[in-house]
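Q: Please take a close look at the sheet in this predicted model. How are its strands ordered and paired, and which residues surround it in the core?

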Amino acid sequence: MLVQADPRQGITTWEQLDPEGSKRFLTLLRQQNIRQQVEPHLLALFEIAPDYVRRLIEHRWGFLLKLQEADIHLSPEREDLYARAKARCPDTRIWTCYDAARRAKRLPVIFQTSGNSCSKCHTLLPMRQQQHLKNGNAIICDNCDKILLLKG
Ligand SMILES: [Zn+2]
């Protein structure tokens, strides 16, 4: 019943009953990036964050993990994947790091961690980086320069 109801009617009623409070909330929602900021916390609250982050990582970084696999195994599709990867990469620092390791033949350079420490050199990650990982971002370990992603 809740899902079938039109939420706009509820918002209209709310705007009439509490114009100040509703305006503040709706303005907040419209601000740039607010959804990305709020969503992980909301989902964590409902304990579906792990699955959400897993899908987010697959969506954002799946292509780079696939490229790394292809590069390591010298698969025939690797040049095609490589040609498309740069434009797809949401973070230029990560792309630069991957590209440098690829050219130097130092793959693998991407490692998946459970979130608290680097899975390659075992250095404890700063809280800021741990949080970054938990939001589905890739980070670069300050100690060993490997790219880290949260383990799915
Ligand atoms: Zn490291």
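A: The 3 strands of this predicted model form an open sheet in the order 1-3-2, with mixed pairing. Strand 1 (110-113) and strand 2 (139-140) stand at the edges and each has a single partner strand, so one side of each is left without a neighbour in the sheet. Strands of a sheet pair through backbone hydrogen bonds, either parallel or antiparallel. Strand 3, which covers residues 147-150, runs antiparallel to strand 2 and is joined to strand 2 by 2 bridges. One bridge partnership links Ile139 with Leu148 of strand 3.

The place of these strands along the sequence is given by the pattern α-α-α-α-α-α-β-α-β-β. In total, the chain holds 7 helices and 3 strands. Among contacts between residues at least 6 apart in sequence, 50% join residues at least 24 apart.

Strand 3 also takes part in the largest nonpolar core, which has 21 residues; Ile57, Leu64, Ala138, Ile147, Leu148 and Leu149 are those with the most contacts inside this core. Helix 4 (49-72), helix 6 and strand 3 are the elements that give two or more residues to the core. Of these, helix 4 gives the most, with 6 residues. Across the chain, buried residues make up 17% of the 152 residues.

Ile147 shows in detail how the surroundings of strand 3 are made up. Leaving aside residues up to four places away in sequence, Ile147 touches Ile94, Cys97, Tyr98, Val109, Ile110, Ala138 and Ile140. Among these partners, Ile110 falls within strand 1 (110-113) and Ile140 within strand 2 (139-140), while Ile94, Cys97 and Tyr98 fall within helix 6 (residues 92-103).

Helix 6 itself has 12 residues and reaches 16 Å from its first C-alpha to its last, close to the 16 Å expected at 1.5 Å a residue. The helix is followed by Lys105, which has a positive phi, near 55 degrees.

Finally, there is the matter of confidence. The mean pLDDT of the chain is 85, and 83% of its residues reach 70 or more. Among the elements of the chain, helix 6 has the highest mean pLDDT, 97, whereas helix 3 (residues 34-45) has the lowest, 66. Where pLDDT is low, the predicted coordinates should not be read in detail.

Methods:
Residues are numbered from 1 along each chain as its sequence is written. This is a predicted model: local features need pLDDT of at least 70, side-chain atom pairs count only at pLDDT 80 or more; totals for chains, interfaces and linings use all residues. Helices (H or I, at least four residues) and strands (E, at least two) are DSSP runs, numbered from the N terminus. A residue is buried if 20 or more other C-beta atoms lie within 10 Å of its own, exposed if 12 or fewer, and partly exposed in between; C-beta atoms are placed from the backbone. Two residues are in contact if their C-beta atoms, placed from the backbone, lie within 7 Å. Two strands pair if DSSP finds at least two bridges between them. The expected span of a helix is 1.5 Å times one less than its number of residues. A nonpolar core is a set of buried Ala, Val, Leu, Ile, Met, Phe, Trp, Tyr and Cys residues joined through C-beta atoms within 7 Å. pLDDT is the predictor's confidence in each residue, from 0 to 100.
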